Structure formats: structure tokens, C-alpha cells
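Subject: Structure for you, with notes

Hi there,

Here is the structure I promised to pass on to you. Please open it next to this email, and the notes underneath should be easy to follow.

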Amino acid sequence: MRLQARFRWLPTPFRSFFLFVIWLLLNNSVSPGHLVLATFLAIFIPLLSFSLRDPQPLILKPGLALKQLLIVLYDIVVANLQVALLIIGPAKKLRPAFVKVPIDLTHDMPITILASCVSLTPGTVSAEVYPIPESLSEGEKPTQRYLLIHVLDLKDEEALIKQIKQRYETPLKEIFQC
């Protein structure tokens with residue numbers, strides 16, 4: 001993959017800045033030697049690792065991404081309380097189940113974020129995304145991908161699927177325009 005001229009020496013500027021700052025913080029020093037070494041690492045680590053990266057969609061709506069992050073954090077707190085109440089109650093009332101959630105996302109990063117949002121919310125765990133594109137024969141396109149989720153207490157499968165698609169997947173499609 002050939003880099004554009006303006007990104008030739010700094011293919012991932014944010015990561016370079018992050019590496020520069022982290023190096024200085026880890027060494028707790030801004031001496032000239034550490035500044036030179038931090039600059040060297042900030043330039044050459046991204047250059048060496050750039051060809052190993054898979055192209056991923058860009059975050060096109062950072063404001064919506066921040067809003068989505070706050071929604072996920074809120075859901076984590078609420079789900080913690082709900083799971084605590086389930087655990088305190090009698091175990092006979094629990095209805096664990098696996099649910100197949102059809103997903104429309106096509107890129108790996110948004111799918112990973114969706115699976116992480118589901119797994120971070122107590123009471124649900126992402127188990128698998130299938131079919132895996134590598135398992136298909138060459139030229140064969142999957143008609144539908146699914147996220148397999150384990151739920152601690154399933155009341156209504158359709159409502160859960162609708163909630164995951166509306167609360168997590170739809171905003172991710174808008175954030176990444178995919």
C-alpha cells in the first residue's frame with residue numbers, strides 16, 4: 001500500500017502523538033535525550049507497523065460517537081443494577097439463552113465495537129460473529145451475518161434484538177457510514 005505524500009513520514013499522526021506523549025510520561029522526563037527518542041519512536045513505529053494494519057472505516061461523526069459512548073456507559077450502570085437484582089433473587093427465575101442477532105455492519109471494527117458494547121453490558125456476552133468471511137469459498141458473499149449473544153435472563157427475544165439493533169448497531173452505522 002503506497003502512502004500519500006503528505007502522510008509519508010507520519011501515516012497515523014494521532015498514534016504518533018500518542019506514542020510521543022506516552023514515552024515521555026513513562027519516563028517522567030522531558031530531557032533532550034527523551035524528546036529525541038520519543039520523536040524517533042513516534043515516527044518509526046507507525047511507519048513500520050502501517051503495512052500490517054487492515055483498512056478500517058473512519059469515525060465520520062465524532063459527536064455521535066461521544067454520545068454513543070455515554071449511552072453505553074449508562075447502559076452498563078443500569079444493567080449492573082438489574083443483574084444484581086437477578087442474582088439476589090431466586091435462581092429459578094433466570095432464563096438463560098443464546099440469541100442470534102442479525103447484523104448489517106460490514107466492517108470488522110464496527111462489528112467489534114458492537115460485540116464489545118454487548119459484552120460490556122452485564123447480563124449479556126457476545127459469543128461469536130458468523131459466518132466468518134474467511135470460511136466462505138472465494139467469491140461467495142455471506143447473505144447475512146449474525147452476532148451470537150448469551151443472555152443471562154431472556155424475557156423477549158425479539159425485543160432484545162430490536163433493542164441491540166436500535167441502541168447500538170444503528171448509531172454505529174451512522175458513526176462509521178457503513
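Below is what turned up when I went through the model.

Please keep in mind that this is a predicted model. The overall picture first: the protein chain has five helices and three strands, and along the sequence they come in the pattern α-α-α-β-α-β-β-α. The chain counts 178 residues, and 27% of them are buried. Its accessible surface is about 12200 Å², with 66% of that belonging to carbon and sulfur atoms. If you look at contacts with a separation of 6 or more, 73% of them join residues 24 or more positions apart.

Now to the sheet. The three strands make an open sheet, in the order β1-β3-β2, with antiparallel pairing. At the edges are β1 (97-103) and β2 (124-130), each of which pairs on one side only. On average, neighbouring strands are turned by 25° against each other, direction ignored. Between β1 and β3 (residues 145-151) there are seven bridges, and the two strands run antiparallel. If you want one pair to click on, phenylalanine 98 has histidine 150 in β3 as its bridge partner.

Two helices go with this sheet. Helix α5 (residues 157-176) packs on it, touching β1 and β3, and its direction makes about 45° with that of β1. Helix α4 (residues 108-120) lies across β1, β2 and β3 and runs at about 155° to β2.

The two faces of β1 are worth colouring separately. Ala97, Val99, Val101 and Ile103 make up the covered face, whereas Phe98, Lys100 and Pro102 make up the uncovered one. Phenylalanine 98, with its partner histidine 150, is thus on the uncovered face. Lysine 100, also listed for that face, lies over the face of tyrosine 146, at 4.4 Å from the ring centre.

What about aromatic pairs? Searching the whole structure gives two of them. One is formed by phenylalanine 40 and phenylalanine 44, a tilted pair at 4.7 Å centre to centre with 45° between the planes. Both residues lie in helix α2 (residues 32-49), four residues apart, which is about one turn of the helix. Phenylalanine 40 counts as partly exposed because its relative accessibility is 44%. Phenylalanine 44 has a relative accessible area of 32%, so this residue is partly exposed too.

One last spot to visit is glycine 123, in the loop between α4 and β2. Which residues does glycine 123 touch, leaving out those up to four places away in sequence? They are Val83, His150, Val151 and Leu152. His150 is the residue that you met above as the bridge partner of phenylalanine 98. The C-alpha atom of glycine 123 is 9.7 Å from that of isoleucine 76, although the two residues are 47 residues apart along the chain. With a relative accessible area of 26%, glycine 123 is above the 20% under which a residue would be buried, so glycine 123 counts as partly exposed.

That is the tour. Have fun with the model!

Best wishes

Key. Residues numbered from 1 in each chain as written. Predicted model: local features only at pLDDT ≥ 70, side-chain atom pairs only at ≥ 80, totals over all residues. Heavy atoms only, no water. Pairing = 2+ DSSP bridges. Axes fitted to C-alpha atoms, helices over the stretch in contact; angles between N-to-C directions. Contact = heavy atoms within 4.5 Å. Phe/Tyr/Trp six-rings, centres within 6.5 Å; stacked < 30°, edge-to-face > 60°. Buried < 20%, exposed > 50% of the residue type's maximum accessible area, 1.4 Å probe, protein only. Lys NZ or Arg CZ within 6 Å of the ring centre and 35° of its normal. Areas by Shrake-Rupley, 256 points an atom, 1.4 Å probe, with all protein chains shown as cover.
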